Amino acid sequence: MNASVLPVSNNTPLCYSNRSPPFKFHPSVTSIYFSAIFMALGLPSNLIAFIVLFKSFQRTCSRSRSFFLIFLGGLVVTDFMGLLVTGTIVVSFYITHFNWRQIDPNCHFCNFMGMSMVFYGLCPLLLSATMAVERFIGINHPFARSTSMPKSRTVSMVLMVWLIAGCIALLPLTGLGSYHIQMPGSWCFFNISSEGKDMAFSLIFSLVGLVCISVSFLLNTVSVVTLIKVCCGQDRTQRRRDHEVEMMVQLILIMIIASVCWCPLLVFIAQTVLSGGPLQIRFLLLWLRFATLNQILDPWVYILFRRAVFKRIYPRLDWSRNSVISLYPSFGETVRRFTRASFKSSLDSDGTEETEKSNVTAKSALKPEPPPPPP
């Protein structure tokens, strides 16, 4: 029997209960070549970024820098696999126009793609928030993080992020939400609906992503302010923090790209399920394609925004802290004006403590020694 005339009954698998393929397929330039172009751009970009990160990891001597590179490596691997897995399925559909009901009668393949979409969608957002937390601790509370912390712990944190994203992706298989085939029949995603458990999972996906972006924005803002105070303050004896500035620039760009690419889709999902209106497939496809840009733009942050690249573009410029500030004296003076009070208070407190210690030492030195015991 043709799949197009199969009735939707109790025996119909869940992923086909809302829409049953084959759909009326009208090929267009955008729908056919979109995924292929994105794969052709994204996969080589992530491979180049991984090579750059691997070479940087081998050359770095900074422990904090090596931790950050491990997180970036996990992000590159996630973006690469996300494009490879989901893009291969979509491109295969447009080439062969296969019938999902025939090749996947029990929804196993559809569930796998739906899980992949959720997993590879949440992982970059969760990793960005984790990197923001790590940089916040490393910049604002450097002594709270043990200097002898092994790199394996950072790898464990990346694996933990993947585990959390995987557990969220598995929720529809436990009954909280459900994966369904989506128009135009080339992909599967969770059912965006305002009814029952589908609404709960839609809100979980949307809120987790929005919370990750909010945490990244908040912690990165605090870290940038702290780093500006340290780099532009009057304390000239502090160590150079060029590598920390480089890490924060990359992290800020990652956050901006993730926010611009993912916020429209996350807000659209939350707005759709809370309003109870019908799902606008046209906007869903638009914002989903917009979110896919994140996996293509991310690797170019690691490739282009490095001190080595800047030095090659402008080799005569000394990229040290003093030379950069000298280019913008008004900016440096403004920052010093805002940070003078905080540095003065910290220096005064340090001076008070040193004075107290010297007084105690002097008193102990002036105190006569007790006479020796009689023989």
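What is the mean pLDDT of the chain, and what share of its residues reach 70 or more? This is a predicted model, and its mean pLDDT is 77, with 71% of the residues at 70 or more.

Two stretches call for some care. Over residues 1-9 the pLDDT is below 50, and this stretch has 11 contacts in the model beyond near neighbours in sequence. Residues 235-239 also have a pLDDT below 50, and there the model shows 8 contacts beyond near neighbours in sequence. Where pLDDT is low, the predicted coordinates should not be read in detail.

**Two helices that meet**

A good place to start looking is helix 2, which covers residues 63-96, together with helix 8, which covers residues 281-304. Their axes come within 10 Å and cross at roughly 145°, and the crossing is left-handed. On the helix 2 side, the contact is made by L72, L75, V76, D79, G82 and L83. Helix 8 brings T292, Q295, D298 and Y302 to the contact. By type, the residues of this contact divide into 5 nonpolar, 3 polar and 2 charged.

**Two glycines to find**

G82 has its place in helix 2. Leaving aside neighbours within four places in sequence, G82 is in contact with G87, Y120 and Q295. Q295 is also one of the helix 8 residues in the contact between the two helices. The C-alpha atom of G82 is 8.5 Å from that of F119, a residue 37 places away along the chain.

G277 sits in the loop between helix 7 (242-275) and helix 8. Its C-alpha atom is 8.1 Å from that of S194, although G277 and S194 are 83 residues apart in sequence.

**A salt bridge**

How many salt bridges does a search of the whole structure find? The search finds 1 salt bridge. R135 forms a salt bridge with E134, and the closest N and O atoms are 3.1 Å apart. Side chains of opposite charge can pair when their charged atoms come close.

**Buried or partly exposed?**

R135 counts as buried because its relative accessibility is 0%. E134, at 9%, is buried too. The table sets these two beside the glycines described above.

| Residue | Relative accessible area | State |
|---|---|---|
| R135 | 0% | buried |
| E134 | 9% | buried |
| G82 | 1% | buried |
| G277 | 33% | partly exposed |

G277 is called partly exposed because its 33% lies between the cut-offs of 20% and 50%. G82, with 1%, falls under the 20% cut-off and is therefore buried.

Note on methods:
Residues numbered from 1 in each chain as written. Predicted model: local features only at pLDDT ≥ 70, side-chain atom pairs only at ≥ 80, totals over all residues. Heavy atoms only, no water. pLDDT = per-residue confidence, 0-100. Contact = heavy atoms within 4.5 Å. Salt bridge = Lys/Arg side-chain N within 4 Å of Asp/Glu carboxyl O. Buried < 20%, exposed > 50% of the residue type's maximum accessible area, 1.4 Å probe, protein only. Axes fitted to C-alpha atoms, helices over the stretch in contact; angles between N-to-C directions. Helix = DSSP H or I, 4+ residues; strand = E, 2+ residues; numbered from the N terminus. Left-handed = near helix turned anticlockwise from the far one by under 90°. Nonpolar A, V, L, I, M, F, W, Y, C, P; charged D, E, K, R; others polar.
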